[in-house]
Amino acid sequence: MQVKAGINSSSNVNPSDATTGEHQKLVDTFFHDRSYYWRDVYQAETLSAFIYRERRSAVLSMIDKTQLPERSRVLEVGCGAGSTSVALAKRGYKVIAVDTVADMLDLTRDAVDEAGLGMNVEISLADVCQLNFPSQYFDLVLAVGVLPWLEQPGKAVLELCRVAKSGGYVILTAANAWGINQILDPLCFPGLRPMRWQIAEILEKFNIWRRPKPPLHRCSIKEIDALISQAGLHKLAGRTLGFGPFTFFRQKLLPESVGVKVHQKIQALADRQLPGIQSCGVGYLVCAQKEEVDERKRAN
């Protein structure tokens, strides 16, 4: 199944959709230029790599707790270099792995072929906001590291919910607006973010400065929980992950090895649900279940 990525063009395109399409092009270019980074980062010894590995383990642990039977149909949106798709296929699931960047799909295909799991994984281009799959099709829908790169995360969550079966699961991550590393750096403080973005837009408009990467959209835990609820999903579990890297005026304060140790200590406190710490991780990981629908009532 091949699905074209991006926003469909027509004479009735909403201006906001056109803006979103331009943003998606920037994101796709960013990931195209750095595709091999996402293949190699899970083997690196940096703090970011350590957090990514922990996030993947946490996601897989959540999936295991759903106790889905083998041959369950799973959609991974934003499959990246394919490490999670491979792990899902090894569990016996029928996986459809999609991304908007062809280079990422090539890396996923390489990882799947190397693992000898080609019969269990289907790979295609797709846009999370316009998924070309039937409603109520998947037992599990996974979107890790996707929402922060979208201008319309609410639209994406609705689409993830649409393609999930009644009683099926949706697991996603978001960038936490109130992560401790954001709070402690004056240039990242959440309360100043709207002003910083306005200044950045003015500088870009006059070609004075360019962002090194597309803007990362951060949401509070409350905002993500609201999007989940509005989509018709019931939150089963949620946690924040990742503490660091710590910066001051965007300059790293700690060597990588020290940063990993600091992260581990704070993460342990967060996992014990220490008030004030448990909600301050860099990322927010959620497992939700689609509300059961009584088809007889729907028919009436």
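Modeller: Let's start with the yardstick: a residue is buried under 20% relative accessible area, exposed over 50%, and partly exposed in between. Please keep in mind that this is a predicted model.

Biologist: Thanks! What makes Arg-162 count as partly exposed?

Modeller: Its relative accessible area is 25%. Partly exposed covers the range between under 20% and over 50%, so Arg-162 belongs there.

Biologist: Why is Glu-159 called buried?

Modeller: Glu-159 has a relative accessibility of 12%. The cut-off for buried is under 20%, therefore Glu-159 qualifies.

Biologist: What makes the pair Arg-162 and Glu-159 a salt bridge?

Modeller: The term needs a side-chain nitrogen of Lys or Arg within 4 Å of a carboxyl oxygen of Asp or Glu. In Arg-162 and Glu-159, the closest N and O atoms are 3.0 Å apart, so the pair meets that limit. The two residues sit in helix H6, three residues apart, or about one turn of the helix.

Biologist: Why does a spacing of three or four places matter in an α-helix?

Modeller: An α-helix has 3.6 residues a turn, so residues three or four places apart point the same way.

Biologist: Which other residues of helix H6 are buried, and what covers them?

Modeller: Helix H6 spans residues 153-163, and with Glu-159 its buried residues are Pro-153, Ala-156, Val-157, Leu-160, Cys-161 and Val-163. Their cover includes strands E1 (73-77), E4, E5 (164-176), E7 and E10 (283-290), along with helix H9 (221-230).

Biologist: How do you know that Lys-25 and Glu-22 form a salt bridge?

Modeller: Their closest N and O atoms are 3.5 Å apart, and the rule asks for within 4 Å, so the pair counts. Lys-25 and Glu-22 are three residues apart in helix H1 (residues 15-33), which means a separation of about one helical turn. Glu-22 is partly exposed, because its relative accessibility is 47% and exposed would need over 50%.

Biologist: And what makes Glu-256 and Lys-252 a salt bridge?

Modeller: The N to O distance between their side chains is 2.9 Å, and the limit is 4 Å, so this pair also passes. Glu-256, at 28% relative accessibility, is partly exposed, whereas Lys-252 is exposed, because its value is 51% and the threshold is over 50%. By this rule the count comes to nine salt bridges.

Biologist: What is notable about the phi of Gln-136 and of Asn-207?

Modeller: Most residues other than glycine have a negative phi. Gln-136 has a positive phi near 55°, and phi of Asn-207 is near 55° too. Gln-136 is in the loop between strand E3 (121-125) and strand E4 (138-143), while Asn-207 is in the loop between helix H8 (193-205) and strand E6 (218-219).

Biologist: Are these two residues buried, partly exposed or exposed?

Modeller: Gln-136 has a relative accessible area of 25%, so it is partly exposed. Asn-207 reaches 60%, so it counts as exposed.

Biologist: Why is the bond between Gly-244 and Pro-245 called cis?

Modeller: Omega is about 0° in that peptide bond. Most peptide bonds are trans. Pro-245 is in the loop between strand E7 (233-241) and strand E8 (247-248).

Biologist: What makes Glu-70 exposed, and which residues does Glu-70 touch?

Modeller: Glu-70 has 61% relative accessibility, and exposed means over 50%, so the label fits. Its place is the loop between helix H3 (47-66) and strand E1. Leaving out residues up to four places away in sequence, Glu-70 touches Arg-91 and Gly-92. Glu-70 and Arg-91 are 21 residues apart in sequence, and their C-alpha atoms are 7.0 Å apart.

Biologist: Stepping back, how do you know that the chain agrees with a compact globule?

Modeller: For 300 residues, a compact globule would have a radius of gyration near 19 Å, and the protein chain has 19 Å, so the two agree. The C-alpha atoms fill a box of roughly 55 × 50 × 45 Å along the principal axes. The chain has 11 helices and 10 strands, and buried residues make up 47% of the 300 residues. Among contacts between residues at least 6 apart in sequence, 76% join residues at least 24 apart.

Conventions. Residues numbered from 1 in each chain as written. Predicted model: local features only at pLDDT ≥ 70, side-chain atom pairs only at ≥ 80, totals over all residues. Heavy atoms only, no water. Helix = DSSP H or I, 4+ residues; strand = E, 2+ residues; numbered from the N terminus. Rg over C-alpha atoms; globule rule 2.2 N^0.38 Å. Buried < 20%, exposed > 50% of the residue type's maximum accessible area, 1.4 Å probe, protein only. Contact = heavy atoms within 4.5 Å.
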